[in-house]
Amino acid sequence: MVASKKIFGIVLAGGEGKRLMPLTADRAKPAVPFAGQYRLIDFALSNLINSGLTQIVVLTQYKSHSLDRHVSQTWRLSGLLNSYVASVPAQQRLGKRWFSGSADAILQSLNLIRDEKPDIVVVVGADHVYRMDFREMVQAHIDSGRGATVAAIRQPIELSDQFGVIQLDANDPTKISEFLEKPINADGLADAPHEVLASMGNYVFSTDALIEAVIRDGERTDSNHDMGGDIIPAFVEAGDAGVYDLKNNDVPGSTDRDRYYWRDVGTIDSFFEAHQDLISTLPIFNLYNSAWPIFSQQLNSPPAKFVRDAKGNLGTTIDSIVSLGSLISGAHIERSVLGSWSKIESGARVVDSVLFDRVEVQPDAIVQRAILDKDVVVEAGATIGVDHARDRARGFTVTESGLTVVGKGVRVTP
Ligand code: ADQ
């Protein structure tokens with residue numbers, strides 16, 4: 001590990017993800033399926049594991065059942081002494097209350113840090129798609145001698161109100177001089193007026209500095225107990241926060257195309273766009289980089305199978321990702337991502353869509369520009385995404401950009 005320091009990982013996974021409804025109706029945002037075989041949290045956890053961290057806790061609270069199950073079933077670091085990824089639900093150690101914010105989640109989990117006595121704590125969000133080698137960020141943190149280091153990436157200025165926006169010290173470009181959490185107005189960068197430097201919600205702390213900061217924050221009545229809103233601004237005020245720009249990160253196997261990729265898939269539209277990238281011929285984010293694998297649940301499933309239908313009619317599948325266990329017979333699949341155990345039958349069309357696990361599309365049904373949650377059944381001849389007024393009338397979510405989202409287990413009739 002970096003300079004023989006002991007490093008502890010905390011994944012903040014308690015967020016609700018309201019803007020992803022109905023996909024977060026009964027799962028936490030980090031448990032939302034992505035790219036057929038993954039959950040969003042797999043990206044953060046893969047980055048930490050590939051960076052050599054072996055002691056990682058996942059702090060959960062909101063609708064955490066499927067997240068806890070996924071973490072315990074998938075992320076078993078068995079065999080290595082005292083190596084673990086442990087899902088820790090809110091334990092109400094400091095009284096009968098849930099985490100009031102991400103900093104409170106850490107405050108209520110200090111026993112986990114104290115048990116391990118690390119030198120460094122890496123704190124990351126759980127709902128972004130990216131690759132990052134945290135060893136390099138930890139080294140930069142150690143070299144800086146500061147208490148906190150914030151990972152950052154340039155983002156379009158119009159997204160400022162979704163991110164912590166960083167201003168750098170004029171005399172020392174590694175030091176943060178101002179940190180505004182989700183400002184309505186932000187100043188663009190001197191060399192790129194249409195961009196800001198945004199916090200990725202990933203932090204490296206010296207352990208003592210983090211413990212002191214969350215305890216002090218816990219005593220304040222004027223704090224929302226939020227990492228981005230309260231803890232980082234406190235470090236900045238004390239002149240003790242540095243920045244680590246993702247552009248300096250060199251992940252093994254990455255290319256110039258995907259080195260600077262990071263997506264907050266926090267809305268239905270951004271979630272959909274990230275999938276459209278994956279199925280393009282030359283995607284920006286390359287799932288096939290085996291030098292920095294993204295790990296996920298290993299399903300004990302048969303391979304995906306593509307056949308003509310029983311009458312001999314051919315199907316076509318192009319520009320798509322199809323997960324294990326799927327059966328496609330005489331159907332047309334285009335620019336789509338299909339989850340495990342998809343069943344797409346004769347004459348059906350699935351175009352520009354994202355299907356979660358075990359979706360069934362029966363003969364001659366049409367699914368276009370749609371996201372179907374797991375266990376949805378589209379009955380023979382039914383359509384989704386063809387008539388938006390009708391989709392809304394049937395209780396489906398239709399976004400402004402015209403994507404139809406059908407919640408878990410719904411049976412769609414013609
Ligand atoms: P947001 O993502 O909007 O902004 P938040 O909702 O606090 O901030 O979520 C951050 C992470 O913490 C997520 O992974 C979420 O699941 C988790 N989380 C939220 N509340 C929690 C709680 N009570 N207990 C445990 N975990 C919780 C943050 C930063 C910004 C930064 C963006 C980048 O605050 O400064 O720019 O991330 O997307």
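Trainee: What makes residues of the shell around the ligand nonpolar, polar or charged?

Mentor: In this predicted model, the shell divides into 11 nonpolar, 10 polar and 5 charged residues, where Ala, Val, Leu, Ile, Met, Phe, Trp, Tyr, Cys and Pro count as nonpolar, Asp, Glu, Lys and Arg as charged, and the others, Gly among them, as polar. Residues are numbered from 1 along each chain as its sequence is written, and side-chain values use heavy atoms, with hydrogens and water left out. Local features need pLDDT of at least 70 and side-chain atom pairs count only at pLDDT 80 or more, whereas totals for chains, interfaces and linings use all residues.

Trainee: Why is the pair between lysine 182 and the ligand called a polar contact?

Mentor: A polar side-chain atom of lysine 182 lies 2.5 Å from an oxygen atom of the ligand, and a polar contact is a pair of N or O atoms within 3.5 Å, so the pair qualifies. For aspartate 127, an N or O atom of the side chain is 3.4 Å from a ligand oxygen, and for aspartate 226 the value is 3.5 Å.

Trainee: How do you know that β21 and β24 pair?

Mentor: Two strands (E in DSSP, runs of at least two residues, numbered from the N terminus) pair if DSSP finds at least two bridges between them; 3 bridges join β21 (residues 349–351) to β24 (residues 366–368), so these strands pair, and they run parallel. Valine 351 stands opposite glutamine 368 in β24.

Trainee: What makes β15 and β27 edge strands?

Mentor: In the open sheet, ordered β15-β18-β21-β24-β27, β15 (316–318) and β27 (383–384) each pair on one side only.

Note on methods:
A polar contact is a pair of N or O atoms within 3.5 Å; within protein, one must be able to donate a hydrogen and the other to accept it, and residues adjacent in sequence count only if both atoms are side-chain atoms. Helices (H or I, at least four residues) and strands (E, at least two) are DSSP runs, numbered from the N terminus.
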